[in-house]
Amino acid sequence: MHDPLINSFLNYWPLEEQAVQALKSKAIGGALKKKAFVLKEGQECNHFTFVVKGCLKLFHIDEQGNQHNLQFATENSWLADYGSFYAEEPSELNIQALEPTEILQIGKNDLFDLYDKFPVFDRNFRIIIENAFIEQQKRLLQTISSTAEERYLYFLKKYPDLYNRISNVQIASYIGVTPEFLSTIRKKITGNKV
């Protein structure tokens, strides 16, 4: 179960065998059923979660009960509420499985222990967090300056493997439209390709 996690780190910096063994001892595996929560609003985020297999979503529910999907994490991706994790405050977000999902989690104290003992993890996680920040900036720009059709095309580019794995409701929530309007967008795009 740890092989995908180790391989993902090898994309950044090589790991010595001691570092690999330490990582294996700190990354705790788990299996989630569809709709199971990793994090609920009001809880403090105390883990970084790595998806071995499956799909998670990061979302917020507004005061009117509307769900706003902010991010998806599929195989070989990390997900956390970084604000809650580092500020040690209750989260305003939720993390939930969209399908049966296998995860590995590293708790805050274990993560900081890895940083202290193996500086390579500090560098690797810095890259992971910087990439997450860059992606959030792109997402924000998409939200404020793109049409719904452009946001949908961005979704397809960002998550090409999710098109057939998650429902239209989930995709519509991510791009900020109703499922009905998403169907209109799809028809328009399909019509343009013919």
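A cavity is taken here as a set of grid points where a 1.4 Å probe fits but cannot get out. In this predicted model, that rule yields one cavity of 30 Å³ or more. The space inside the largest cavity comes to about 30 Å³. Its lining is made up of L70, Q71, E135, Q136, R139, K158, Y159 and Y174. Two elements, β5 (67–73) and α5 (119–145), each give two or more residues to this lining. Helix α5 makes the largest contribution, with three residues. Sorted by class, the residues around the largest cavity are three nonpolar, two polar and three charged.

Open pockets come next. The largest pocket has a volume of about 380 Å³. It is lined by 19 residues, and those closest to its centre are Q71, N76, S77, W78 and K158. Strand β5 and helix α5 are the elements that supply two or more residues to the lining of the largest pocket, and α5 provides the largest share, four residues. The class breakdown for the largest pocket is 10 nonpolar, six polar and three charged residues.

The second largest pocket holds about 230 Å³ of space. The residues around the second largest pocket are L58, L70, Q71, A80, D81, Y82, G83, L93, I129, A132, F133 and Q136. Here the elements giving two or more residues are β5, α3 and α5. Once again a reader may like to follow α5, which gives the most to this lining, with four residues. By class, the second largest pocket is lined by eight nonpolar, three polar and one charged residues.

A few residues link these descriptions. Q71 is among the residues lining the largest cavity, is one of those closest to the centre of the largest pocket, and also appears in the lining of the second largest pocket. K158 is found in the cavity lining and is likewise one of the residues closest to the centre of the largest pocket. L70 and Q136 are part of the cavity lining and belong to the lining of the second largest pocket as well.

Helix α3, already met at the second largest pocket, spans residues 82–87 and contains S84. With a relative accessible area of 3%, S84 falls under the 20% limit and therefore counts as buried. A polar atom of the S84 side chain lies 2.5 Å from the backbone oxygen of E89. Leaving aside residues up to four places away in sequence, S84 touches Q43, E44, C45, E89, P90 and S91. E89 thus appears both in the polar pairing with S84 and in the list of residues that S84 touches.

Attention now turns to charged side chains. Side chains of opposite charge can pair when their charged atoms come close. Across the whole structure, the search finds 11 salt bridges. One of them joins the side chains of K108 and E88, with an N to O distance of 3.4 Å. This pair connects distant parts of the chain, 20 residues apart: K108 sits in helix α4 (residues 108–117), whereas E88 belongs to the loop between α3 and β7 (94–97). K108 has a relative accessibility of 10%, which is under 20%, so K108 is classed as buried.

A salt bridge within a single helix is formed by E130 and R126, at 3.6 Å from N to O. Both residues lie in α5, four residues apart, about one turn of the helix. Their accessibilities place both in the partly exposed class: E130 has a value of 40%, and R126 has a relative accessible area of 43%. Helix α5 therefore carries this salt bridge and also gives residues to the linings of the largest cavity, the largest pocket and the second largest pocket.

R165 and D161 form a further salt bridge, in which the closest N and O atoms are 3.2 Å apart. R165, at 28% relative accessibility, is partly exposed, and D161, at 36%, is partly exposed too. Elsewhere, K26, D110, D113 and K117 are joined into one network by salt bridges that share partners.

Terms used. Residues numbered from 1 in each chain as written. Predicted model: local features only at pLDDT ≥ 70, side-chain atom pairs only at ≥ 80, totals over all residues. Heavy atoms only, no water. 1 Å grid on protein atoms, 1.4 Å probe; cavity = no way out; pocket = protein on both sides within 12 Å on 5 of 7 lines; lining within 4 Å. Points joined across faces, edges and corners; volume = space filled by probe spheres on them. Nonpolar A, V, L, I, M, F, W, Y, C, P; charged D, E, K, R; others polar. Buried < 20%, exposed > 50% of the residue type's maximum accessible area, 1.4 Å probe, protein only. Polar contact = N/O pair within 3.5 Å; in protein donor to acceptor, adjacent residues only side chain to side chain. Contact = heavy atoms within 4.5 Å. Salt bridge = Lys/Arg side-chain N within 4 Å of Asp/Glu carboxyl O.
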